[in-house]
Amino acid sequence: MKKVKVTLVKSRIDRPERQKRTLDALGLGRISSSNELTLTPQIEGMIAKVAHLVKVEEI
């Protein structure tokens with residue numbers, strides 16, 4: 001399976017609670033924090049929900 005590196009590039013302040021929980025599930029807490037994840041359909045969906053806040057790179 002493909003791996004991706006997801007990095008938080010915008011603040012989570014003033015975002016809906018649902019988006020904050022999605023960022024928590026992706027393992028992103030602070031700006032510039034990043035996490036390497038296996039790209040599954042569930043992870044793709046979570047990334048799509050917060051795409052305006054994160055940067056995604058293929059590994």
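In what order do the elements of the protein run from the N terminus on? Hi everyone, let's start there. They go β-α-β-α-β, which fits the tally of two helices and three strands. Please keep in mind that this is a predicted model.

Now the overall form. The radius of gyration of the protein is 10 Å, and the globule rule for 59 residues also gives a value close to that, 10 Å, so the protein is as compact as a globular protein of that length. If you draw a box along the principal axes, the C-alpha atoms fill roughly 35 × 20 × 15 Å. As for the inside, 32% of the 59 residues count as buried.

Next, contacts along the chain. Take the contacts between residues at least 6 apart in sequence: 70% of them join residues at least 24 apart.

Let's finish with the two helices. Helix α1 covers residues 17–26, and helix α2 covers residues 41–49. Their axes come within 10 Å and cross at roughly 135°. An angle over 145 degrees would count as roughly antiparallel, and α1 and α2 are therefore oblique to each other. The crossing of α1 past α2 is left-handed.

Which residues of α1 and α2 meet? From α1 we have Gln 19, Thr 22, Ala 25 and Leu 26. On the α2 side, their partners are Ile 43, Met 46, Ile 47 and Lys 49. Sorted by class, this contact has five nonpolar residues, two polar ones and one charged one. Do look for those residues in the structure above. Thanks for listening!

Notes: Residues numbered from 1 in each chain as written. Predicted model: local features only at pLDDT ≥ 70, side-chain atom pairs only at ≥ 80, totals over all residues. Heavy atoms only, no water. Axes fitted to C-alpha atoms, helices over the stretch in contact; angles between N-to-C directions. Helix = DSSP H or I, 4+ residues; strand = E, 2+ residues; numbered from the N terminus. Parallel < 35°, antiparallel > 145°, perpendicular 65-115°, else oblique. Left-handed = near helix turned anticlockwise from the far one by under 90°. Contact = heavy atoms within 4.5 Å. Nonpolar A, V, L, I, M, F, W, Y, C, P; charged D, E, K, R; others polar. Rg over C-alpha atoms; globule rule 2.2 N^0.38 Å. Buried < 20%, exposed > 50% of the residue type's maximum accessible area, 1.4 Å probe, protein only.
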